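Student: I am new to this structure and would like to look closely at a single part of it. Could you take me through one stretch slowly, and then show me what lies around it?

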Amino acid sequence: MGRITLDKVQKKFGEVEVIPPLDLTIEDGEFVVFVGPSGCGKSTLLRLIAGLEDVSGGEIRIDGKPATDLPPAKRGLAMVFQSYALYPHMSVRKNIAFPMKMAGMDQAEQDRRIAKAAEALNLTDYLDRRPGQLSGGQRQRVAIGRAIVREPAAFLFDEPLSNLDAALRVGMRMEISELHSTLKTTMVYVTHDQVEAMTMADKIVVLRAGNIEQVGSPLELYKAPRNTFVAGFIGSPK
Ligand code: ADP
Ligand code: MG
């Protein structure tokens with residue numbers, strides 16, 4: 001399960017309306033990418049879904065249930081932060097276990113989930129290392145592992161690869177796509193990188209100044225961009 005619906009969701013910071021009321025449906029199992037230039041409201045929209053920001057208006061539903069007023073921990077979603085959000089003094093195992101420990105999960109279940117996540121992410125041999133002893137790509141996988149163990153209804157990624165060099169980024173993109181095929185869990189992925197959007201998404205949401213300019217598959221957007229902004233951003237010959 002992992003269907004997320006936004007109904008006239010709006011966000012103001014003081015008097016400034018960063019997200020005008022917008023509607024959006026993210027289907028269960030979909031890989032949805034929010035793309036748009038810096039400052040267009042991608043992170044804000046993701047943080048509203050996560051519950052890290054309160055909406056100024058509108059309703060959010062997760063699997064049909066009202067979630068607008070739920071705190072982040074009660075939404076059943078997992079936000080994947082950039083790899084620098086790892087605890088440097090803790091082992092990989094402890095970093096991954098952290099959210100389960102916080103939730104008071106019993107040790108046997110924690111161990112089962114750590115083993116499963118480590119296998120899915122090729123981290124089995126690295127569980128006793130600290131983040132400083134890992135490559136950038138491995139650190140990013142630990143950050144994803146910490147999300148996987150919560151078995152969320154959806155993963156929320158905010159530019160998770162922006163700290164990595166170009167070569168690593170290509171590899172990690174493929175790894176995240178593969179993870180999506182394996183887990184079949186909804187993923188909402190924020191990027192300002194058109195290539196990332198076009199290669200990873202089932203559905204792309206193009207944002208401009210908080211407005212949804214167009215929603216569609218990469219091919220739909222490429223073939224039939226609604227306006228010159230979308231065409232220019234996606235790189236269509238229009
Ligand atoms: P993006 O992730 O697309 O780069 P953001 O969602 O971070 O964009 O920001 C969208 C707009 O909202 C920007 O103009 C930014 O300055 C503003 N903004 C974001 N967070 C805050 C905040 N906590 N207080 C005031 N303005 C904010
Ligand atoms: Mg951002």
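Tutor: In this predicted model, β9 and β10 form a hairpin with two residues between them, and Ala209, which sits in that turn, has a positive phi of about 50°. The two strands, β9 (residues 203-208) and β10 (residues 211-216), pair in the antiparallel sense over five bridges, and within this pairing Ile204 stands opposite Gly216 in β10. Strand β9 is also joined to β3 (residues 31-35) by four bridges, and here the two strands run parallel; Val35 of β3 stands opposite Val206 in β9.

From the hairpin we can turn to the helices, beginning with α6 (194-200), which is among the elements that cover the buried residues of α5. Those buried residues are Arg169, Arg173 and Ile176, and because they cover an arc of only 70° around the axis, they lie on the same side of α5. On the other side of α5, Ala167, Met174, Glu178, Ser181 and Thr182 are exposed. The 18 residues of α5 (residues 166-183) should span 26 Å at 1.5 Å a residue, which agrees with its end C-alpha atoms being 26 Å apart. After α5 comes Lys184, whose phi is positive, near 55°.

Finally, there is ligand 1, whose surrounding residues include Phe13, Val18, Gly36 and Lys42. Helix α1 (residues 42-50) gives the largest share of this shell, three residues, and by class the shell has three nonpolar, six polar and one charged residues.

Conventions
Residues numbered from 1 in each chain as written. Chains lettered and ligands numbered in written order. Predicted model: local features only at pLDDT ≥ 70, side-chain atom pairs only at ≥ 80, totals over all residues. Expected span 1.5 Å × (residues − 1). Buried ≥ 20, exposed ≤ 12 C-beta atoms within 10 Å, placed from the backbone. Arc of directions from axis to C-beta. Contact = placed C-beta atoms within 7 Å. Near = placed C-beta within 6 Å. Nonpolar A, V, L, I, M, F, W, Y, C, P; charged D, E, K, R; others polar. Pairing = 2+ DSSP bridges.
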